[in-house]
Amino acid sequence: MKAVKSLLFICALPEELEAVRKKIDSPYETLSVGKNCKINILKFKVNKLEIYLSECGMGNVNAAFNLTLIINQIAIDQIILIGVGGAL
């Protein structure tokens, strides 16, 4: 089994992103991905693990759109979706 080096959390709502961000006790940087449509993601470095957080808005289409932009520019080993159906 391959070791996980990068992890992406896709959050539907800002409150969900903030809850995850508070749990990660590490400084972060803000990255911008995409060419014509830019989205901002937060990048944390915890030991050798890179953790990315993205807020996509509610719905499968928004999650898929953001995920496509991100994985076209960043190698991600695992993806976790937070806030299925917009529930906190």
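This short report looks at the nonpolar cores and the cysteines of a predicted model.

Let's start inside the protein. In general, nonpolar side chains in soluble globular proteins tend to be buried together. Here, the largest nonpolar core has twelve residues. Among them are Leu 8, Ile 10, Val 33, Tyr 52, Cys 56 and Ala 63. Which elements supply at least two residues each to this core? They are β1 (6–11), β3 (39–46) and α2 (60–71). Of the elements, α2 gives the most, with three residues. Apart from this core lies another one, of ten residues, including Phe 9, Leu 17, Ile 51 and Leu 53.

Leu 8 is a good residue to click on, as a member of the largest core. Setting aside its neighbours within four places in sequence, Leu 8 is in contact with Tyr 52, Leu 53, Ser 54, Leu 67, Ile 70, Ile 76, Gln 78, Ile 79 and Ile 80.

Now for the cysteines. A disulfide is a covalent bond between the sulfur atoms of two cysteines. How many disulfides are there in this model? The count comes to zero. Why is Cys 11 without such a bond? The closest cysteine sulfur, in Cys 56, is 7.8 Å from the sulfur of Cys 11, which is too far because a disulfide needs the two sulfur atoms within 2.5 Å. Likewise, Cys 56 is in no disulfide.

The table shows how accessible these two cysteines are.

| Residue | Relative accessibility | Class |
|---|---|---|
| Cys 11 | 0% | buried |
| Cys 56 | 11% | buried |

Cys 56 thus appears twice in this picture: as a residue of the largest nonpolar core, and as a buried cysteine in no disulfide.

Key: Residues are numbered from 1 along each chain as its sequence is written. This is a predicted model: local features need pLDDT of at least 70, side-chain atom pairs count only at pLDDT 80 or more; totals for chains, interfaces and linings use all residues. Side-chain values use heavy atoms; hydrogens and water are left out. A nonpolar core is a set of buried Ala, Val, Leu, Ile, Met, Phe, Trp, Tyr and Cys residues joined through side-chain atoms within 4.5 Å. Buried means under 20% relative accessible area, exposed over 50%, partly exposed in between (1.4 Å probe, protein chains only). Helices (H or I, at least four residues) and strands (E, at least two) are DSSP runs, numbered from the N terminus. Contact means heavy atoms within 4.5 Å.
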